[in-house]
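The following exercises concern the fold of one chain. Please attempt each task before reading its solution.

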Amino acid sequence: MINAGDTAWVLMSSALVLLMTPGLAFFYGGMVRKKNMLSVLMQCFIIMCVLSIQWVLFGYSLAFAPAKGFWGGLSWLGLRGVGFEPYADYAATIPHQAFMIFQAMFAIITPALIIGAFAERMKFSAFLVFTLLWATFVYDPLAHWVWGTGGFLKNMGALDFAGGTVVHINAGIAALVTALVIGKRKNLDSNIPAPHNLPFVVLGVGLLWFGWFGFNAGSALAANGLAVNAFVVTNTSAAAAGLSWAVIEWLRNGKPTLFGVASGTVAGLVAITPAAGFVSVIPAIIIGLLVSVFCFTAVSIIKPKLGYDDSLDAFGVHCVGGIWGALATGLFASKVVNSSGADGLFFGNPKQFLIQLIAVLITIIYTFVVTFIIYKLVDLFIGVRVTEKEELMGLDLTQHRERAYTVLE
Amino acid sequence: MKLIIAIIQPYKLEEVKEELYKVEVNLITVSEVLGHGRQKGVTEVYRGAKETGNLLRKIRLEIAVNENFVEQTIKAIIKGAKTGETGDGKIFVLDLKECVRIRTEERGCAAIG
């Protein structure tokens, strides 16, 4: 039976999640040098175009058509059979296509997250091919395993409310792989580039925070108490993490920065994502407070030591925060919050923590290997990195023949 | 004392800076400017600015040096900025009458370095 309230909320949530990708574009765009601003906006924007088409043609089928294999199979190609009646396995009270378009927005933002790792040095053509292959061979199967009918991680009992493994760990590991293989940006040692527009970073985070309500509360797929729980814990965790990042900086560096609060907020949103439908508000505070500790350590201490150039910390925030969120779900999940979920370690079920850990490890290994293969293939046929001269001149001019800002009118 | 003004391609700034540091010229002023010389009408992929008139984005360096630093400064700028293509830029060398370091009120050669 279709419920009007549920359908309205899921459609609204889909729109909210779509807005996260332009939000991400400004979050990332503000962090790069001004000669690369448009390239980041362009990469995010073109993903909205490419993945929207991929999803209705075959992506949704690969991810969500019922099957017990690697993929969901091809039975829903071109949305054949995906109509306005509910598909009860996924959402019993909204039209099937509403579920499909909600999921489309997740398929869009996930590859967009990876951009942070190779920003300022990837060829646009290579980026397009890489993204399409990655969405098809990494995102779609993983979404199937975790969320699809017949998916083996779902059957194993792994909890992932809104995409901690499928979205954040997945994109974060892909970010690490691409950052490692594409190599550092030029002149990084002599001249660490400052973010060219911090107000844009903050604007982007504002849009992300706003859109994340659709991401997490929308994942209840109904306008009900569970959606409210997800909404409340999402807001709480974001707040706790933003605050905690500021405190860490204050203690360590003497001054809290706006950039830090913005980064912390994103980390808090990432961490609560898998847990949003399974934990209550006090665990959400703990999850938020601690995620900034882990992500700050990854970004400010481990990254400089290891020397990889994850330009905008896609790995440091999304993977590290995502792993913490997935494991925290195994610690703090409670059937009081969600009867169709499970209890976590602190509620007397240590096995759930183990299941979460296995799901995380499988995601990491699969994504690491397949992303590496896709990258190498694209590099072989197209060449992934721009020339040194193009990198110095900036991607806006060399890849798009446009620039973001004028000197004089 | 001389004032050296150089107009270079923006993407060559890092290399020019590196070359200047090598010959121990550390005090430079950099600004972003628009202009054009013979490059007008030359089509190259990256010169997107031609769509907004013929003014191209350039970097302007200003370096005040004592006489014994003039040659190596010029050479360093050339080394960093030269590609052999139109649009590499120009170097102007001007006589500099006076130089005052505000902090100490030193004047002349002592104030430059």
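**Exercise 1.** What percentage of the 113 residues in chain B do buried residues make up?

*Solution.* The model is a predicted one. A residue is classed as buried if 20 or more other C-beta atoms lie within 10 Å of its own. By this criterion, buried residues account for 21% of the 113 residues in chain B.

**Exercise 2.** List the secondary-structure elements of chain B in sequence order.

*Solution.* Begin with the inventory: chain B contains three helices and four strands. Then read from the N terminus, which gives the succession β-α-β-β-α-β-α.

**Exercise 3.** Determine the strand order of the sheet in chain B, and explain why S2 and S4 each have one side without a neighbour.

*Solution.* The four strands form an open sheet with antiparallel pairing, in the order S2-S3-S1-S4. Strand S2 (29–35) and strand S4 (89–95) of chain B are the edge strands; each has a single partner strand, and therefore one side of each lacks a neighbour in the sheet. On average, neighbouring strands of this sheet are turned by 20° against each other, direction ignored.

**Exercise 4.** How many bridges join strands S1 and S3 of chain B?

*Solution.* Strand S1 spans residues 2–8 and strand S3 spans residues 56–65, and the two pair in the antiparallel sense over seven bridges. To locate one such pair, take B:Ala6: its bridge partner in S3(B) is B:Leu61.

**Exercise 5.** Which strands of chain B does helix H2 lie across?

*Solution.* Helix H2, residues 70–81 of chain B, lies across S1, S3 and S4. Relative to S1(B), helix H2 runs at about 5°.

Technical notes. Residues numbered from 1 in each chain as written. Chains lettered and ligands numbered in written order. Predicted model: local features only at pLDDT ≥ 70, side-chain atom pairs only at ≥ 80, totals over all residues. Buried ≥ 20, exposed ≤ 12 C-beta atoms within 10 Å, placed from the backbone. Pairing = 2+ DSSP bridges. Axes fitted to C-alpha atoms, helices over the stretch in contact; angles between N-to-C directions. Contact = placed C-beta atoms within 7 Å.
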